[in-house]
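This report walks through one protein model, beginning with a single residue and widening to the sheets and helices around it. Please keep the structure open while reading.

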Amino acid sequence: SSYVGASSGGIAELYAQMQKAIGATERVFELLEEIPEKINSTEIQNFPKIKGDVSFENVAFTYPSRKEIQVLKEVSFTALSGQKIAIVGPSGAGKSTIASLLLRFYDTTGGSITIDNKNMLEYDLEALRGNMSIVPQDVILFGGTIKENIAYGKPNATEEEIILAAKQANALQFIQGFPEQFETVVGERGIKLSGGQRQRIAIARALLKNPSILILDEATSSLDSESEKLVQEALEILMEGRTSIIIAHRLSTIRSADQILVLDQGQITEKGTHQELIAIENGIYKNLSNLQFSDF
Ligand code: ATP
């Protein structure tokens, strides 16, 4: 099989099972951050920091379980450190697959992905993922306290660091509203948080982890507007100074991106800034942007 496992061998296998069981690609994104396999680890994470230049060079990909379909064909783009790349395109175009490859859940079947000008295959998998965070559409927290959920990305984080991350993620206020505050148990056996609150916990976790590369899967269904505003503010802070690859649904994200990739049936059909793409007569992006943007 061509699954790429973590050193423990658990993630890839679980991932494959989950894929089979629920058939939802977005669950993949949650797994990386959800599995609390490191929570009791005393190991101090000392990964070499990467800068965050990401380059896809003629990337082709076919899922091992579905050899008849080439999901990505000749996908090429470069994100320089700190840039925001918005990927847009219809359902099934391959947007989530790009994110999965970046996380090295699978290896490309053609072309290559480089990070800081070095082939991704040359990096230690844990070090690579130690430099990345994901904020999925629908964040599932693991059963445990809010504190444990936030500190997951940095098990040796201090109390002050956890509080600061929660504050920057616009999560401190609601956390302090619970009687047990950071010790509040969440997940199936605990308090049920709203979608926006769970996202802000995931943002706090990512802030604490301080990755060079961020993968964001924007929600298609909008949160209530107050929560939406708090999440958006927190995301802006999180994205600052990091390379962000965003599966984008919000017009404001798309407009402010350094580069928009229009993906259709596994191919990048248009690439550029909002201004550049709306200048293409009869372009897909131009036509879509004249219609409903939320349909992306
Ligand atoms: P959406 O916007 O609906 O999430 P997407 O653009 O993210 O779509 P992908 O999820 O990357 O698209 O899917 C691209 C293609 O790959 C689809 O044809 C999909 O059915 C297929 N695919 C996705 N995940 C797998 C998998 N684990 N095994 C086999 N095929 C898959």
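Apart from its neighbours within four places in sequence, I247 is in contact with I87, K95, S96, A99, L216, D217 and E218. The model in which these contacts are found is a predicted one. I247 belongs to strand β10. With 24 other C-beta atoms within 10 Å, where 20 or more count as buried, I247 is buried. A219 lies 28 residues from I247 in sequence, and the C-alpha atoms of I247 and A219 are 9.1 Å apart.

The strand that holds I247 can be taken next. How many of the five residues of β10 are buried? Five of the five residues of β10, which covers residues 243-247, are buried, so the strand is largely enclosed by the rest of the structure. In a regular strand, side chains alternate between the two faces of the sheet. In β10, T243, I245 and I247 are on one side, while S244 and I246 are on the other, and both faces are covered.

Strand β10 has partners on either hand in an open sheet of six strands with the order β6-β9-β10-β3-β11-β12 and mixed pairing. The edges of this sheet are β6 (132-135) and β12 (267-272), each of which pairs on one side only. Averaged over the sheet, with direction ignored, neighbouring strands are turned by 20 degrees against each other. S244 in β10 stands opposite L214, and S244 also stands opposite K84. In β12, I268 is the bridge partner of L263.

The table lists pairs of strands, including one from a second sheet.

| Strand pair | Sense | Bridges |
|---|---|---|
| β9 and β10 | parallel | five |
| β3 (residues 84-88) and β10 | parallel | four |
| β11 (residues 259-264) and β12 | antiparallel | five |
| β1 (residues 54-61) and β4 (residues 110-115) | antiparallel | five |

The second sheet is also open; its four strands come in the order β2-β1-β4-β5, with antiparallel pairing. Its edge strands are β2 (72-79) and β5 (118-119), and each pairs on one side only. Within the pairing of β1 and β4, A60 stands opposite G110 in β4. Helix α3, residues 95-102, packs on this sheet and touches β1, β2 and β4. The direction of α3 makes about 115 degrees with that of β1.

Back at the six-stranded sheet, helix α8 (residues 195-209) lies across β6 and β9 (213-217). Relative to β6, α8 runs at about 170 degrees. At 1.5 Å a residue, the 15 residues of α8 should span 21 Å, and the end C-alpha atoms of α8 are 21 Å apart, which agrees. Is α8 mostly covered or mostly exposed? It is mostly covered, since 14 of the 15 residues of α8 are buried. Just after α8, N210 takes a positive phi of about 55 degrees.

Helix α8 also meets helix α9 (residues 225-239): their axes come within 10 Å and cross at roughly 10 degrees. An angle under 35 degrees counts as roughly parallel, and α8 and α9 are therefore roughly parallel to each other. On the α8 side the contact is made by G196, Q199, R200, I203, A206 and L207. On the α9 side it is made by S227, E228, L230, V231, A234, L235 and L238. By class, the contact has eight nonpolar, three polar and two charged residues. An α-helix has 3.6 residues a turn, so residues three or four places apart point the same way. Among the α8 residues in the contact are Q199 and I203.

A loop residue gives another kind of setting. Q181 lies in the loop between α7 (172-176) and β8 (185-186). With 15 other C-beta atoms within 10 Å, Q181 is partly exposed. Leaving aside its neighbours within four places in sequence, Q181 is in contact with I175 and Q176. The C-alpha atoms of Q181 and K147 are separated by 8.8 Å, and these two residues are 34 residues apart along the chain.

For the whole protein chain, there are twelve helices and twelve strands. Of its 296 residues, 40% count as buried. Among contacts with a separation of 6 or more, residues 24 or more positions apart account for 74%.

Technical notes. Residues numbered from 1 in each chain as written. Predicted model: local features only at pLDDT ≥ 70, side-chain atom pairs only at ≥ 80, totals over all residues. Pairing = 2+ DSSP bridges. Helix = DSSP H or I, 4+ residues; strand = E, 2+ residues; numbered from the N terminus. Axes fitted to C-alpha atoms, helices over the stretch in contact; angles between N-to-C directions. Contact = placed C-beta atoms within 7 Å. Parallel < 35°, antiparallel > 145°, perpendicular 65-115°, else oblique. Nonpolar A, V, L, I, M, F, W, Y, C, P; charged D, E, K, R; others polar. Expected span 1.5 Å × (residues − 1). Buried ≥ 20, exposed ≤ 12 C-beta atoms within 10 Å, placed from the backbone.
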